[in-house]
2 protein chains.
Amino acid sequence: MVNDARGTLLAVRETVQSELTSYLTLQREYLSGIGSELIPVCDALESFLLEGGKRLRPLFAYAGFAATGKVATAADIRAFTSLELLQACALIHDDLMDRSDTRRGKPAIHRHFENLHQQEAMSGLADQFGEAAAVLLGDLALVWSDHLLHTSGVENSALLSALKVHDEMRIELMAGQYLDVREAGERSPSVDRSLRIARYKSGKYTIERPLHLGASLAITDEAERKDLTNILSAYGLPLGEAFQLRDDMLGIFDDMLGIFGDPSVTGKPAGDDIREGKRTVLMAMTLERADQASAAKITAALGREDLTADQIEEIRALITATGAVKVVEDLIEGLLSNALTAANSDEIDPSARELLIELATSATRRSH
Amino acid sequence: MVNDARGTLLAVRETVQSELTSYLTLQREYLSGIGSELIPVCDALESFLLEGGKRLRPLFAYAGFAATGKVATAADIRAFTSLELLQACALIHDDLMDRSDTRRGKPAIHRHFENLHQQEAMSGLADQFGEAAAVLLGDLALVWSDHLLHTSGVENSALLSALKVHDEMRIELMAGQYLDVREAGERSPSVDRSLRIARYKSGKYTIERPLHLGASLAITDEAERKDLTNILSAYGLPLGEAFQLRDDMLGIFDDMLGIFGDPSVTGKPAGDDIREGKRTVLMAMTLERADQASAAKITAALGREDLTADQIEEIRALITATGAVKVVEDLIEGLLSNALTAANSDEIDPSARELLIELATSATRRSH
C-alpha cells in the first residue's frame, strides 16, 4: 500500500518536472524574442527550477485533489506545478534577503548574476547588479506561476475557484515571510512567535493551502467542499508545524534533507542554522531552557559563519543537554499523530489516504 | 470638449483613490489579525499608495474601456485600480535596485524600514532589514494587485479575458525591467537599446497594455476586439515612447513632473537623471552627437551624486549644444502626432476620443 502511494507520488513528481521543462522552454522562446540579453535569465531560472526541489507543494495539491475522490488530469497537474514557480520566487528572494551565498550547493541567484557581471567586465557595481537580478527573477517567477496556473487548461469554473485559495495563500506567504524577517530583528527569541511563523510559512503555505488548492480545482463549490477543507486543515496545519520542527532539527543535527530516498534533490550542510543564526522554534525552546552559561555560549555562536565542525559539535551538545530536542521530538510525534488521524477520517476519499500518510511520514522522517 | 475629458479623468482618478483606500483598509484588518508586527507594513504601503501617484495606468485602462463605447461600472474601475498596486511593486523594487534614497520627497521603502530598525534598536543589520522589507512589500503589492483584480466584481468572462492581457503585461514588465538594469551595465550607451527599453517599460507596460486590459474587460472575445486592439497599439506604443522621452527631458531640465495641473502628485528634483547616471534615450543621443571633450565631461558627471546646481547647469548646456534636445523634441512631436491620428480613427468610439487626446497631450506636455 505504502509503496503504491510512493510510486504515485514519484510519478507525479516526474510529471511536474516535465511540465516545468515544457513551460520554461516556451518562455525561453518568448523572452529571447524580446532580446538576447534575456537568455541568461532563462538559463538561471531553468537551472534553479529543474536541477532540484522536492516538489512538495505540487504533491500536496495532488493529494488534496485526490482527497475528493476525483482523478487529476494533465491540466490539473499543470495547475499544481505552478506552485513550484511561486516557491522559486520565495527562495530566490529569501536567499537575497538572507544574503546566502549558495542554494543547493550552487551560487544563489544574486551571486550567480554578480559573477556574470564580473566575468563580462560589465560597468557599475557587480553586487548591485546581482541583487537587482535576484529581485527581478523572483518577480518573474511569481508572475510565471500565475501565468502557468491561468494557462493550465483547467475548466474556467475550476480556475476561478482556485484563484481565491491561491490569492489567500500568497498573501499569507508574504505575511509569514515578513514575520520571519522581523523575528531576526527581535532582541530575544520567543517560542510562540516562532511557532506562528512556522504556522504561516510551513503549515499554511507549504501544506494546508496547496491541499486546499487541489481540492478547489476538483470541487468548485466552496460550500460543497467545506467539510473536506476543514479536514485537510486538520491534517495540514499540524503536519506543517511538524515539518518545520523536523527542518529545525535537520538544520542542526543532520547533513542532508532528502525525500523519497533521493538525497540529491536537496541538501543543507550540517549546522547551517547555527552558522546562519536562524530563529527557529528549536532554538527558542533551547534558550528558554538553557542555564545562563549555556545560553550565553549558544547565543554567541549564532550567526557566526566561521564556526568549525568542533565548535558546531559543542553547540549541538549544549542544545541536546537542555532537553529541547526531546521536547521537539515529542511535539513532532504528537502533531504527526493528529495529522494521521485526520488523514484517516471519512471525509477523505479512501484512495487518497495512503498518499496523505506517505507524504506526512516522508515530510517528518528523522533520517531521509 | 477637452475640459469635459479632463473632468472625467479627474473623477476617475478620485474613484481610483477611494477604491485603493477601501482595499487597503480591508487588508489592514486582515494583516493586523495575523500579527501586530504587520501594522508598519500596512502603514508604509498606505502612505506609498495614497499620498502620490498619477494613476496613469488605471486612466489608460479606463480610456481603453471607453474606446469600446461601453460605460465602465464601479467593478470595472476597481479592476483598473489594481494596476496601481502592480506599479507600487515596480517602484518599490526599482528604488531598491537603484539604491535610491527617496521617492516623492519621502524615504524610499527600504530606507523607511532601515530607519524603523534603527529607531526600535532592533537586532541585526538595519540595511539588510530595510532591503528585505522592500523585497517583501513589493511582492505583497504584486499579489494584492492580482487579488484586487480577481475580487473587483467584474463578470467571470471579463475577468478571464483580462487575465490573459494582464499576464502578458507583467511578463513584459519584468523583461523590460531586466533590460533596463542590464543596460546600466553596458560599457557604452546605445540609442537602439534605450528605445527598446522605452518601448517595453513605457510603451507597453504604461500605456498599450493598460488600454488593452480596459478593452478586454469590455469586449471579452479576442477576435471581436482585434481591430480595436490594433488601433490602441497604434496609439499607445508611440505615445509610450513619447512619454518616456518627455520623462528623459524632465529628468534633466525640469523641476517638477505633474499631470492635470497638480504638481503635488509627483515630482523629481532637477537634474536627477544626471546624478543617477540614468541610461536614457536622450543621454544616448547626446553621447552619440557630442565631440570627444564634451562626451568625456558628460560621462564623468553621470552618476555623481554630489554634483552642485552649477555643475548640473554646465552639463545641461553641453547636452543642449549637441542638438540632442532638438532631435528628441522633434521625435516626441512625431510620435505624439501618430498617436493622435490613431485616436481619431473610426475604430475608437467617439465618446473616447477626447479622453485619449487629453491623456496623450498631458503625458507629453513640456511643462505640467
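Is A:Leu282 buried or exposed, going by its C-beta neighbours inside 10 Å? I would like to start from that one residue and then widen the view, keeping in mind throughout that what we have in front of us is a predicted model.

A:Leu282 counts as buried, because 26 C-beta neighbours fall inside 10 Å, where 20 or more are needed for that label. The residue belongs to helix H11 of chain A, which covers residues 281-289. If we set aside neighbours within four places in sequence, A:Leu282 is in contact with A:Leu245, A:Asp248, A:Met249 and A:Ile252, and also with A:Ala324 and A:Val328. By way of a distance to look up on the screen, the C-alpha atoms of A:Leu282 and A:Ala296, which are 14 residues apart along the chain, are separated by 16 Å.

Let me now step back to chain A as a whole. The chain has 15 helices and 2 strands, and of its 368 residues 51% count as buried. A compact globule with 368 residues would be expected to have a radius of gyration near 21 Å, and chain A, with 21 Å, agrees with that expectation. Along the principal axes, the C-alpha atoms fill a box of roughly 60 × 60 × 35 Å. If we take the contacts in chain A with a separation of 6 or more, 75% of them are accounted for by residues 24 or more positions apart.

Next comes the pairing of the two chains. Chain A is superposed on chain B by a rotation of 180° with 0.0 Å of shift along the axis, at an RMSD of 0.0 Å. That is the relation of a two-fold axis. The same surface serves both copies, in that 100% of the contact residues of chain A recur in chain B.

How many residues does the contact take from chain A and from chain B? It takes 46 residues from chain A and 46 residues from chain B. On the side of chain A that touches chain B, the elements giving two or more residues are helix H1 (2-34), helix H4 (74-98), helix H6 (126-150) and helix H7 (156-183) of chain A. H6(A) gives the most to that side, with 14 residues. By character, the residues on the side of chain A that touches chain B divide into 24 nonpolar, 11 polar and 11 charged.

From the contact I turn to the interior. The largest nonpolar core has 220 residues, and those with the most contacts inside it are A:Ala63 and B:Ala63. In chain B, domain 1 (1-51 + 74-153) and domain 2 (156-368) both give residues to this core, so the core lies between them.

Since B:Ala63 has come up, its surroundings deserve a moment. Leaving aside neighbours within four places in sequence, B:Ala63 is in contact with B:Leu211, B:Gly214, B:Ala352, B:Leu355, B:Leu356 and B:Leu359. B:Ala63 is also one of the buried residues of H3(B), a list that includes B:Arg57, B:Tyr62 and B:Phe65. Helix H3 of chain B (residues 56-66) is largely enclosed by the rest of the structure, because 11 of its 11 residues are buried.

Two arginines in loops of chain B are worth finding on the model. B:Arg55, in the loop between helix H2 (39-50) and H3, has a phi near 60°, which is a positive value in a residue other than glycine. B:Arg55 counts as buried, because it has 26 C-beta neighbours inside 10 Å. B:Arg99, in the loop between helix H4 (74-98) and strand E1 (102-103), likewise has a positive phi, of about 55°, although it is not a glycine. B:Arg99 counts as partly exposed, with 15 C-beta neighbours inside 10 Å.

I will finish with two further places in chain B. B:Ile109 lies in helix H5 (residues 109-119) and counts as buried, with 29 C-beta neighbours inside 10 Å. Not counting residues up to four places away in sequence, B:Ile109 touches B:Ala44, B:Phe48, B:Ile92, B:Asp95, B:Ala133, B:Ala134 and B:Leu137. For one of these, B:Ala134, 25 residues away along the chain, the C-alpha atoms are separated from those of B:Ile109 by 5.7 Å. B:Thr151 is found in the loop between helix H6 (126-150) and helix H7 (156-183), and B:Thr151 is partly exposed, with 18 other C-beta atoms within 10 Å. The C-alpha atoms of B:Thr151 and B:Arg78 are separated by 8.6 Å, with their positions 73 residues apart along the chain.

Definitions and conventions: Residues are numbered from 1 along each chain as its sequence is written. Chains are lettered from A and ligands numbered from 1 in the order in which they are written. This is a predicted model: local features need pLDDT of at least 70, side-chain atom pairs count only at pLDDT 80 or more; totals for chains, interfaces and linings use all residues. Helices (H or I, at least four residues) and strands (E, at least two) are DSSP runs, numbered from the N terminus. The radius of gyration is taken over C-alpha atoms; the globule rule is 2.2 Å times the number of residues to the power 0.38. A residue is buried if 20 or more other C-beta atoms lie within 10 Å of its own, exposed if 12 or fewer, and partly exposed in between; C-beta atoms are placed from the backbone. Two residues are in contact if their C-beta atoms, placed from the backbone, lie within 7 Å. Copies are superposed by least squares on the C-alpha atoms of residues with pLDDT of at least 70 in both. Ala, Val, Leu, Ile, Met, Phe, Trp, Tyr, Cys and Pro count as nonpolar, Asp, Glu, Lys and Arg as charged, and the others, Gly among them, as polar. A nonpolar core is a set of buried Ala, Val, Leu, Ile, Met, Phe, Trp, Tyr and Cys residues joined through C-beta atoms within 7 Å. Domain bounds come from an automatic or database domain assignment.
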